[in-house]
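Subject: Handover of the structure

Dear colleague,

I am passing on the structure we spoke about, with my notes set out below it. Please read them alongside the coordinates.

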Amino acid sequence: FALTRRRSSPALELDSARGLGPRAVAGGKMLQPEAQKAAFLGCGRRGPSHILDPQFKANKIDDMIDNQIEDPEKGQQKFSSELGMIFNEHDQELRDLGYQKHAFNMLISNRLGYHRDVPDTRNAACEEKSYPTDLPVASVVICFYNEAFSALLRTVHSVLDRTPAYLLHEIILVDDDSDFDDLKGELDEYVQKYLPAKIKVIRNPRREGLIRGRMIGAAHATGEVLVFLDSHCEVNVMWLQPLLAAVRGDPHTVVCPVIDIISADTLAYSSSPVVRGGFNWGLHFKWDLVPLSELGGADSATAPIKSPTMAGGLFAMNRQYFNELGQYDSGMDIWGGENLEISFRIWMCGGKLFIIPCSRVGHIFRKRRPYGSPEGQDTMTHNSLRLAHVWLDEYKEQYFSLRPDLKTKSYGNISERVELRKKLGCQSFKWYLDNIYPEMQIPGPNAKAQQPIFVNRGPKRPRVLQRGRLYHFQTNKCLVAQGRPSQKGGLVVLKTCNYGDPAQVWIYNEEHELVLNNLLCLDMSETRSSDPPRLMKCHGSGGSQQWTFGKNNRLYQVSVGQCLKVVDPLGQKGSVAMAICDGSSSQQWHLEG
Ligand code: LR7
Ligand code: MN
């Protein structure tokens, strides 16, 4: 069993002030609940507030949680599965507000503070690598719009904590006219008081979107290399040196780190497989397995991987080259499409694009974008149309055959970009497809038949940790499917235990999933924590399907921060729900064989 139990006192756990983490104690005095809440919501009046503490780190958080999980993928590294535990209504409010405003768990983000170690996810061969000392210096540009304060500050501090100072020329934060007050007053105060002078904040007087936002940031930068990051990242050890070394070797080479996954629900940092960027004819970015032809060689674990496209948010590029190559298309708005545009432009106009496996940066992947565009425009479509008309030549028909409605849609003036393409003497899109992305399937008008060869790693089946009935002590009953379980899912209820019935058997596996009858996973809606848990198809990405067994026989749901309880233990209905963990008998479960 991969659970390491730690001791913690029940008093501590139910103490609401402690629940907020040690920095809620300001100047030796406990903050009143309202002030605590204000501090965490970032809307407090001036005064003691942990968000202006540069050392803010919930380093005592281990004491309040019981369930430390060893993640086999991460070796010795542990993550706290109960970091999201709800202790009171303020926690609940903060969590819900976080999902609303940011589409990730802000309660956990705040509890983590501004500094944390992340597991070194690099291949061991990367540790043997050394890099020249005379690398070019970097200007890190981070655009943000309505970002969670703690996520933004953790991004900045991760760069400061894990980049040698002599390589970091500056960090340029571009506020894209955010609406939240703490990103103005408190951020300015924080930067001024606690951050080195090389951290600069630029404010857009109106919303520009991330594309023009990056151009504005780059125009203020003076370092030799530009490094772009999203505002909810955490860089890993030795992240920058391999990127700078590649750009120094060839200024026309643009490089991306491997983008590790920070879970939106648990903020756990985990390793991504090394994949590369592609796209489909809907002009959406996608990840591809690396073709066999691109692997191979003794140093395959550390060698740069040629990538047809980039995801967009995280890359390093010589600043002069960025300018020569035409920065971005300033006619593109808010979000979307610029990543494919710059990728095509790099390859077609004489540059190169690589993913550097020894450089790793974590990014919070969320399930929805929490913001829209100012007038509700579909900027992805607008931007994709522009890039299709400038770069795709006859292959734009591939896009239009999927989106015939767009054929006659206007996309503004693109003459400057067409001019740029001429001036740079770029190759055709056919050249790009033939030479850079021969794996691309081409159906329809410009069809070409072929079969790509991919490395097949095969699906991984999570290891079984325990198998048995999910027994509820107080009622002497077992948790089972309400009706006949189907692939579609359904509710779970308590019924009389039947030890001969395989439909009552749960598997608890190393992904911390609870799988009933080898078929469906116990799942909890992240956005509506008032809904009861249900059976769903297993998705394998943690969060809503992650459960842990903790102190007092509790069954804790990682994503909602609450425990499974029987609603009316003395009645006959046997329905269950999620509730604040209180150690009561209605919340005691045992998985038994
Ligand atoms: O109007 C805006 N102004 C901004 O400054 C909208 C957004 N932004 C900021 C925002 O705060 C964030 O820092 O721009 C950054 C990117 O926005 P996200 O994080 O909402 O976008 P994303 O991570 O879903 O988007 C990916 O695709 C985008 C397409 O335009 C950009 O290229 C993002 O940088 C890109 N992110 C990544 O590549 C990280 C890995 C994700 C993958 C795959
Ligand atoms: Mn992002």
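Over which residues does pLDDT stay under 50, with eight contacts in the model beyond four places in sequence? That stretch is residues 72-77. It seems right to begin with confidence, since this is a predicted model. A further stretch with pLDDT under 50 covers residues 450-459, and for these the model has 10 contacts beyond four places in sequence. Over the protein as a whole the average pLDDT is 85, and 83% of the residues score at least 70. For the complex, the predictor gives an ipTM of 0.98 together with a pTM of 0.81.

As for the overall fold, the protein has 593 residues, of which 45% are buried, and its secondary structure consists of 16 helices and 29 strands. If one takes the contacts between residues at least 6 apart in sequence, 73% of them join residues that are at least 24 apart. The assignment divides the protein into domain 1 (3-112), domain 2 (137-233), domain 3 (236-312 + 320-366 + 380-450) and domain 4 (464-592).

Domains 2 and 3 deserve a closer reading. Their centres, taken over C-alpha atoms, are separated by 24 Å, and 19 residues of domain 2 are in contact with 19 residues of domain 3. On the domain 2 side of this contact, the elements that give two or more residues are helix 9 and strand 9 (225-229), with helix 9 giving the most, namely six residues. By class, the residues on that side divide into 12 nonpolar, three polar and four charged.

The same two domains also appear around ligand 1, where each of domain 2 and domain 3 gives at least three residues to the shell. There are 23 residues around the ligand, and those that come nearest are Leu210, Ser231, Ala311, Gly312 and Gly313. Strand 6 (138-144), helix 9 (210-220) and helix 12 (338-348) are the elements that give two or more residues to this shell. Helix 9 is therefore a convenient place to start, because it is listed both for the shell and for the side of domain 2 that touches domain 3. The shell residues divide into nine nonpolar, eight polar and six charged.

One residue that I looked at separately is asparagine 318, which has its place in strand 16 (residues 315-318). Is asparagine 318 buried or exposed? Asparagine 318 has 22 other C-beta atoms within 10 Å, and so it counts as buried. Leaving aside its neighbours within four places in sequence, asparagine 318 is in contact with Glu224, Val225, Val247 and Pro251. The C-alpha atom of asparagine 318 is separated by 9.1 Å from that of aspartate 250, although these two residues are 68 residues apart along the chain.

Finally, a few strand pairings can be checked by eye. Strand 19 (residues 477-481) and strand 20 (residues 490-495) run antiparallel and are joined by four bridges, and within this pairing valine 480 has valine 493 of strand 20 as its bridge partner. Strand 20 also pairs with strand 24 (residues 534-536), in the antiparallel sense and over two bridges, where the bridge partner of leucine 491 is arginine 534 in strand 24.

With best wishes

Methods: Residues numbered from 1 in each chain as written. Chains lettered and ligands numbered in written order. Predicted model: local features only at pLDDT ≥ 70, side-chain atom pairs only at ≥ 80, totals over all residues. Near = placed C-beta within 6 Å. Nonpolar A, V, L, I, M, F, W, Y, C, P; charged D, E, K, R; others polar. Domains from an automatic or database assignment. Contact = placed C-beta atoms within 7 Å. pLDDT = per-residue confidence, 0-100. Pairing = 2+ DSSP bridges. Buried ≥ 20, exposed ≤ 12 C-beta atoms within 10 Å, placed from the backbone.
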